[in-house]
Structure formats: C-alpha cells, structure tokens
Amino acid sequence: MVHIRDYKGKPGVYGYFLKDEPIGANPYAVPYRIMASEDPNAVVHLNFYPTGSVEQFGITYDGYVDDWVSLVGPKYKRTISFDNYPFNQNIYNEQVCMYH
C-alpha cells in the first residue's frame, strides 16, 4: 500500500478506487481493510452490482452484500455503493417513450 502512503493527506485526495461491480466482492475485503487502515480519513470505493443482477451468478443479493459487510467488519464499514437503474428497459420503451 505504498501508493496510499504517497497520497495520504494530500489536498484533493478524497479516497481510493478499489473495484467496480466485482462478481464476488469478498476477495477485495482484505485490500479494502488495509487501504482503510492506511488512510482512515479517506473513502475506499468499491461499487456493487445493481440490485437484482447477481442472481445470474448463483448468489442472492442479500448474501452478496452481507458477506462483504461481515468480512470488512464494523470498524471499516463506512459506505456501501451500488448502481441503481430506476427504469426497466421494457417499461421505459412501452410507457415512457410513448410520451415523446
């Protein structure tokens, strides 16, 4: 985590990007904890899949997030980020587009 030590406390550094939409977030729990402990004032960003999209991998969404929370632990559990797409493609095409 040498890079975190290089940037810790620098003006303009709000946090660190870890991963976007990992199929299994669990392998990133240890690096997340290390990064968070190296710079406790920064945000370590890992973005989860949107709700309802991990079932294709044979896991439940609750299990996906709950596993992450338990592995990260309460000391480092600061934020949970996930994508949210409020418009279903079929609903959008059939209902919203008819108003254009």
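The secondary structure of the protein chain comes to four helices and three strands, where helices (H or I, at least four residues) and strands (E, at least two) are DSSP runs numbered from the N terminus. The model is a predicted one, in which local features need pLDDT of at least 70 and side-chain atom pairs count only at pLDDT 80 or more, while totals for chains, interfaces and linings use all residues. Residues are numbered from 1 along each chain as its sequence is written, and side-chain values use heavy atoms, with hydrogens and water left out.

Read from the N terminus on, the elements of the protein chain follow the order α-β-α-β-α-β-α. The three strands form an open sheet in the order 1-2-3 with parallel pairing, two strands being paired if DSSP finds at least two bridges between them. Strand 1 (15-20) and strand 3 (81-82) are at the edges and have a single partner strand each, so one side of each is left without a neighbour in the sheet. Strand 1 pairs with strand 2 (residues 43-48) in the parallel sense over five bridges, and the bridge partner of Asp20 in strand 2 is Asn47.

Helix 2 (residues 29-38) lies across strand 1 and strand 2 and runs at about 175 degrees to strand 1; here axes are lines fitted to C-alpha atoms, for helices over the stretch in contact (heavy atoms within 4.5 Å), and angles run from 0 to 180 degrees between N-to-C directions. Among contacts between residues at least 6 apart in sequence, 69% join residues at least 24 apart.

Two loop residues can be set side by side, with buried meaning under 20% relative accessible area, exposed over 50%, and partly exposed in between (1.4 Å probe, protein chains only).

| Residue | Loop | Relative accessible area |
|---|---|---|
| Gly24 | between strand 1 and helix 2 | 33%, partly exposed |
| Ile59 | between strand 2 and helix 3 (61-72) | 33%, partly exposed |

Gly24 lies 9.7 Å from Tyr49, C-alpha to C-alpha, although the two are 25 residues apart in sequence. Ile59, for its part, joins Ile23 and Phe57 in a nonpolar surface patch with about 230 Å² of accessible area together. Patches are made of residues with over 30% relative accessible area and no salt bridge (a side-chain nitrogen of Lys or Arg within 4 Å of a carboxyl oxygen of Asp or Glu), nonpolar side chains being joined within 5 Å and like charges within 9 Å.

Over the whole chain, 28% of the 100 residues count as buried, and the accessible surface comes to about 6900 Å², of which 55% belongs to carbon and sulfur atoms.

Definitions and conventions
Accessible areas come from the Shrake-Rupley method with a 1.4 Å probe; for residues, only the protein chains shown count as cover.
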